[in-house]
Amino acid sequence: MPSDLELIFQGSNLGRLLGGLWVSVWIALVSMGASVVLGLPFGVVMTSKNRLVKLLCRCYLEFVRIMPQLVLLFLVFFDLTKVAGLNLSGEFAAVVVFTIWGTAEMGDLVRGSITSIPRHQFETARALGMSPAQVQRHVILPLAVRQLLPQTVNLTTRMIKTTSLVVLIGVVEVLKVAQQIIDANRFQYPSAALWIYGVVFFLYFIVCFPISWLSRRLEARWQIS
Amino acid sequence: MDWSVISSSIPVYGEAALLTLRIGVIGIIASALVGLLCAAVQSFRIPVLRQIVAVYIELSRNTPLLVQLFFLYFGLPKVGVVWPSEVCAIVGLTFLGGSYMAEAFRSGLDSVHPIQLQSALALGMSTPTAFRHVLAPQAFAIAAPALTANVIFLIKETSVVSVVALPDLVYVAKEQIGTDYDTSEALLLLVAFYLLLLLPISLGANWLERKVRSNAFGS
């Protein structure tokens, strides 16, 4: 039975699996990039004192957080296409949804890192004779980045794990490829499902583990004591 | 938007929501037990078990639930382990949730300074009394936000159980879109039912967090 593992190394099976994994990782990286770009200004907006702005940001954040990501995917993939008469590809819908989700999460991280900086940091720097711009550049920004970077790296692993959902809106990624390999070899390798899905499990682990490890290292190193 | 379609579909969605809730609640309780056990193993530094727990936590946290479910439902039967769909979903959710709960409990326990225990013992409390009245309330207050976040996270994660052939909310909505083409109605119901499930939990979590905090710090 363990011989069924050899199916992975037949033909281009391993290459196809890796190609499938790359599809969801690619969606995750593009969405993550867009989320950082949009999330940074959104986080700054969230610290606004204006009540209406605060309320709007809060509603957006809470809705996106409460809804399962799969439901958000369905909303864009099925409804937007029908209502607006668009014909979106699964990949494009996925990037849109994960950017909407990622921007909310990223914005909240940015807001958290800004508000967590004690006021006295700002006041001390001013008292030492720095201009407000210098304070931002040399005091506030480094402090905020040290808190933000590990969390952003961590969000990336969450993004990669979440993009596995795209198989459910018909994107051909690693799980779909795995299914195809298993189905095509059903008679020669009856227990292939165990090994192929096992390999997919470890592929995800191999991608996500180093990133979460990096996130923890950065956090431990930069902890403000 | 056809309101008669919506009103006639409500019972189907209600049933599906109950399934989602049942899997979620059982999965969360099981996750909390697994998490408590893992946190205890790590806090008391039990050899061998501690390494096993560490490996489990890394495996569970760095893989998606969807892939875990595929392995449980389609992979394991090949070695003779056949579980019904619902058992698969609950085992999968527990495998995922256990590690998240463990991290939450551990961060709570780690944050209570050893001096607290030493002081309580010096005041003449027994270890169980000290744990119950001194350590546990403080640890819980620290862990509360992470625990409630995990509860919401795990209920959201149940949205993928339709891949193991369970008629949950997503399954019902997809069915309605596929067979009747009532896309907008199905999605409205889907969103409404998830809001109905999760909004009270989210608000309750905020309330609990404030309450536990004020109990712990007396402010």
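Chain A has a radius of gyration of 22 Å, against a value near 17 Å for a compact globule of 225 residues; the radius is taken over C-alpha atoms, and the globule rule is 2.2 Å times the number of residues to the power 0.38. The C-alpha atoms of chain A fill a box of roughly 75 × 45 × 25 Å along the principal axes. This is a predicted model, in which local features need pLDDT of at least 70, side-chain atom pairs count only at pLDDT 80 or more, and totals for chains, interfaces and linings use all residues. Residues are numbered from 1 along each chain as its sequence is written, while chains are lettered from A and ligands numbered from 1 in the order in which they are written.

**Confidence**

The pLDDT, the predictor's confidence in each residue on a scale from 0 to 100, averages 90 in chain A, and 98% of the residues score at least 70. Within chain A, helix α1 (residues 13-46) has the highest confidence, at 94, and helix α3 (residues 69-83) the lowest, at a mean of 88.

**The two chains**

Helices (H or I, at least four residues) and strands (E, at least two) are DSSP runs, numbered from the N terminus. Chain A contains eight helices and zero strands, in the order α-α-α-α-α-α-α-α along the sequence. Chain B likewise has eight helices and zero strands, and its pattern reads α-α-α-α-α-α-α-α. The C-alpha trace of chain B spans about 70 × 50 × 25 Å along its principal axes.

A residue is buried if 20 or more other C-beta atoms lie within 10 Å of its own, exposed if 12 or fewer, and partly exposed in between, with C-beta atoms placed from the backbone. Buried residues account for 37% of the 225 residues in chain A and for 40% of the 219 residues of chain B.

Two residues are in contact if their C-beta atoms, placed from the backbone, lie within 7 Å. Taking contacts between residues at least 6 apart in sequence, 79% of those in chain A join residues at least 24 apart; in chain B the share is 80%.

**The side of chain B that touches chain A**

The contact between the chains involves 32 residues of chain B and 28 residues of chain A. On the chain B side, the elements giving two or more residues are α2 (49-61), α3 (65-75), α7 (169-180) and α8 (183-217). Of these, α8(B) gives the most, with 10 residues. By type, this side of chain B divides into 20 nonpolar, eight polar and four charged residues. Here Ala, Val, Leu, Ile, Met, Phe, Trp, Tyr, Cys and Pro count as nonpolar, Asp, Glu, Lys and Arg as charged, and the others, Gly among them, as polar.

**Two bent helices of chain B**

The expected span of a helix is 1.5 Å times one less than its number of residues. Helix α1 (residues 3-43) of chain B, with 41 residues, should span 60 Å, and its end C-alpha atoms are 55 Å apart, which agrees. Helix α4 (residues 85-111) of chain B, with 27 residues, should span 39 Å, and its end C-alpha atoms are 39 Å apart, which also agrees.

The bend at a residue is the angle between axes fitted to the seven residues ending there and the seven starting there. α1(B) bends by about 40° at B:Ile10, with a proline, B:Pro11, following within four residues. α4(B) bends by about 30° at B:Gly97. After α1(B) comes B:Arg45, whose phi is positive, near 50°.

**Individual residues of chain B**

B:Glu185 lies in helix α8 of chain B. B:Glu185 counts as buried because it has 22 C-beta neighbours inside 10 Å. Leaving out residues up to four places away in sequence, B:Glu185 touches B:Met1, B:Asp2, B:Val5 and B:Ile6. Its C-alpha atom is separated by 37 Å from that of B:Arg210, 25 residues apart along the chain.

B:Thr148 is placed in helix α6 (residues 127-157) of chain B and is buried, with 20 other C-beta atoms within 10 Å. With the same exclusion in sequence, of residues up to four places away, B:Thr148 touches B:Ala205, B:Leu208 and B:Glu209. The C-alpha atoms of B:Thr148 and B:Glu209 are 8.3 Å apart, at a separation of 61 residues along the chain.

Two loop residues other than glycine have positive phi values.

| Residue | Phi | Loop of chain B | C-beta neighbours within 10 Å |
|---|---|---|---|
| B:Ala165 | near 65° | between α6 and α7 | 13, partly exposed |
| B:Tyr181 | near 60° | between α7 and α8 | 11, exposed |
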